[in-house]
Amino acid sequence: MRQHKNLLYYITTIVGFSLMIYYVVTSGKILETGRPIHTLPSSMLSHWDMAVQTLTENLTHPLSILLLQIVVIIVVARFFAFICQKIGQPTVIGEILAGIFLGPSFFGHHFPELSKFIFPAASLGNLQFLSQIGLVLFMFIVGMELDLKVLKNKAQNAIIISHASIVLPFALGMGLAYYIYKDFAPEHASFLSFALFLGIAMSITAFPVLARIVQERGLSKTKIGAMVITCAAADDITAWCLLAAVIAVVKAGSMLSALYTIAMAVGYVLVMFLIVRPFYKRLGEQYTNKEYLSKPVVGIFFIMLFISAYTTETIGIHALFGAFVAGVIMPTNISFRNIFVEKVEDISLLLLLPLFFVFTGLRTEIGLLNEPYLWKVTGFIILVAVVGKFVGSALSAKFVGQTWRESLTIGALMNTRGLMELVVLNIGYDLGVLGPTIFAMMILMALTTTFMTGPALSLIGLIFPEKKKKPQTRNIRQKEHYKVLLAVGNPHSGKPLIRLAQGFTGKEIDQSDITVLHLSPSNDLNPHNIDEFEKESFRQIKHEAKLLDLPVTTMFKAAGDIEREISHTANQNDFDLLLIGVGPSIYEGTLLGKVLGFTSSFIMPDRLYGKITGRDKLYDTAGLGDRTIRIMKGCDVPVGVFLNNKFEHLEHVLIPFITESDSFLLDYAERLLQHSNATIALIDLNQYMQKSKEHNGRLNKMKQTAPERITLFSNHSFENNLLPRQCLMIISFESWKQVMENRFEGLSDKSSILIIKNN
């Protein structure tokens, strides 16, 4: 009865108010009498033509163009970043290449009409301002990533190396300007302005990119890693102060006039450090977590950020310097800084920064370098940049007592320029100090010096191999020790994996050999909070291991390609079993997911190759998720994929044998029988185990060892309803799909499942 009343009310409301609207519209026509209402005669445009005209106007509206640009930029930037990640390069290189690809050098050259539609000249102003907001937020993050305490503690050697790595390339850059000024400087640019900008462009280091490389190479906790991070931090602060002075000189036109600007800049910095910073410190002490950090408090910091950027822009030293200083003076509490980094980083790095890369690419015309002479000059610029930064840093590091391996490593890392170089070059371009040709040359230099960092580090490692440490006595493991690696994506997922691993490693503490690996994407971590992040990541896992009285070894690392790193760790450390939790695939379950899965085959070359060659035919039917499948394919050791269904304790185990190839599961049955208290049900579906003399003998021996804990079923004697509620099924990967489609269709509803691929 209630439903009929609701339906009657709904119909009455809709019909009644629709009639009212119709009456108002028809009556309103009378009010148009005497007014010059402009309408197109029906003879001029058909209804279809009017619809097309409206659609065309909507497509060319500035907001529509900007939204289309954002979509295209993000997609292309992610594609190039993915390619660079796969070849071991920083993702920032891919994003810079994406910008050049979408610019006149390629996309504009081969598809001029489409390029003009997506990037019309009238829209570039909107793109530039939006990208500048992204840069302001990014420089705020860069400032927060710098830890002034680290500079205080390790300042002596770091400042020597850092300043030497600035002075030498700065001097070489100004010397280079002397030879190329006549040919490449814009007509109205003074030599002083041109030389200063070439000097600062040669001496810059990309601190964020360097920090990510240090993390991905596993150098964060080493002496060399700490040293180079400190050097880069000192380099960043010095270089940005120099850049502010250079901008002041360029805008003022002379050194004397620039002194007033520099004096105002010094006053601004003193106000930020002596007045604003103590206020920030008090706020940081009161608001240390997200629960207490309210929106008004967050608003205070963002208002101050933009006031700081506005102040430096009006002073004449660019808004980016103000954003950088606003980040540096943030409260030193790591948790507090992390909260702000999380709030700003995603929108800045994923959405707004790619706009800056593409805007830079639209300015970069590689086609201007159309003569061998111009390419020679480009090569000479790259040579000067590498010699100045690489050699200057390496020799200074050697002078303060570093080994040749450490010195060359510092030189290679300090030579990384990346995004920071693009910021400097764009400022020079906007000020009219750099022309289109020299701008393109310098962009190529930034790409080359960033690209060469990874190969240079690998080459240094080959020439100066690291001395292997002698293994400690406590780490020498006897052969009977069973080594299990647990790869956990989050702390909560690691707790059931530890309970499961305990059944394979032994009841006795000295038989336990479990390593818990947690990897984090390198771009998710700031260089100075890794220790705290690691401690928090393993807190729940260590608590669970303590409750089980089970010693575990933890391993944490930042990685660019997590799946590859998990496989590499398992392969290189002689583990007997890798246990992972299943990761759901985004390509399953919905129509959109299937479309994304299809297109990803073309975006990810390894997926496309696997489908063409048929290598992935077996994997495609597994339904375990793409990340899990990539780990299984990359591992040389057995991999166990755990599907958790309220697993609490290892009490009851079910192991089905479907084909002869499943006989390796007997090894796991024997280990569980020996090292756990679980009851084990073996199901010999086709009696392959009992027909084999070898396998039947092992079965009989297991029955004699613990007859009360092991039961053997045949195909006809087993019923699903005999299983207890808390059950673990162990099954081979090859038989996984067949089992789920046939006899044990409803089993997953009442049990957890361990799928083992015996690599």
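**Close-up views of a predicted model**

At 36% relative accessibility, Gln687 counts as partly exposed. The model shown in these views is a predicted one.

**View 1. Gln687 sits in a loop and lies 8.3 Å from Phe657, C-alpha to C-alpha.** The loop that holds Gln687 runs between strand 7 (679-684) and helix 31 (688-691). Along the chain, Gln687 and Phe657 are 30 residues apart. The relative accessibility of Gln687, 36%, falls between the limit for buried, under 20%, and the limit for exposed, over 50%, so Gln687 is classed as partly exposed.

**View 2. Asp667, Glu670 and Arg698 form a network of salt bridges.** In one of the pairs, Asp667 meets Arg698 with the closest N and O atoms 2.7 Å apart. Asp667 belongs to helix 30 (residues 665-675) and Arg698 to helix 32 (residues 693-705), so this pair ties together parts that are 31 residues apart in sequence. Asp667 is partly exposed, at 42% relative accessibility. The side chain of Glu670 also forms a salt bridge with that of Arg698, at 2.9 Å from N to O. This second pair again links distant parts of the chain, with Glu670 in helix 30 and Arg698 in helix 32, 28 residues apart. Glu670 counts as partly exposed, its relative accessibility being 28%. Side chains of opposite charge can pair when their charged atoms come close.

**View 3. His695 is a buried residue of helix 32.** The relative accessibility of His695 is 14%; the cut-off for buried is under 20%, and His695 is therefore placed in that class. Which residue has its C-alpha atom 7.6 Å from that of His695? The residue is Ser663, and the two are 32 residues apart along the chain. Helix 32 also holds Arg698, the salt-bridge partner of Asp667 in View 2.

**View 4. Asp430 and Arg363 meet in a salt bridge between helix 19 and helix 16.** The N to O distance in this pair is 2.2 Å. Asp430 lies in helix 19 (residues 418-430) and Arg363 in helix 16 (residues 334-363), so the contact ties together parts that are 67 residues apart in sequence. Are the two partners buried or partly exposed? Asp430 is partly exposed, with a relative accessible area of 38%, whereas Arg363 is buried, at 12% relative accessibility. Over the whole structure, a search finds seven salt bridges.

**View 5. His318 has a positive phi and lies 8.5 Å from Ile427, C-alpha to C-alpha.** The phi of His318 is about 80°, although His318 is not a glycine. Most residues other than glycine have a negative phi. His318 is placed in the loop between helix 14 (295-315) and helix 15 (319-328). At 14% relative accessibility, His318 counts as buried. Ile427 is found in helix 19, the helix that also holds Asp430 of View 4. Ile427 is buried, with a relative accessible area of 4%. In sequence, His318 and Ile427 are 109 residues apart.

**View 6. A nonpolar surface patch covers about 670 Å².** The patch is made by Leu168, Leu172, Phe380, Leu383, Val387, Val391, Leu395 and Trp404. The elements that give two or more residues to the patch are helix 9 (155-184) and helix 17 (372-399). Which helix gives the largest share? Helix 17 does, with five residues. Val391 is in helix 17. Its relative accessibility is 32%, and Val391 counts as partly exposed. Patch residues need over 30% relative accessible area, so Val391, at 32%, passes that cut-off.

**View 7. Helix 10 and helix 20 cross at roughly 15°.** Helix 10 spans residues 191-203 and helix 20 spans residues 436-451. Their axes come within 11 Å. Angles under 35 degrees count as roughly parallel, and helix 10 and helix 20 are therefore roughly parallel to each other. The crossing of helix 10 past helix 20 is right-handed.

Terms used
Residues numbered from 1 in each chain as written. Predicted model: local features only at pLDDT ≥ 70, side-chain atom pairs only at ≥ 80, totals over all residues. Heavy atoms only, no water. Patch = residues over 30% accessible without salt bridge, like charges linked within 9 Å, V, L, I, M, F, W, Y side chains within 5 Å. Areas by Shrake-Rupley, 256 points an atom, 1.4 Å probe, with all protein chains shown as cover. Salt bridge = Lys/Arg side-chain N within 4 Å of Asp/Glu carboxyl O. Buried < 20%, exposed > 50% of the residue type's maximum accessible area, 1.4 Å probe, protein only. Axes fitted to C-alpha atoms, helices over the stretch in contact; angles between N-to-C directions. Parallel < 35°, antiparallel > 145°, perpendicular 65-115°, else oblique. Left-handed = near helix turned anticlockwise from the far one by under 90°.
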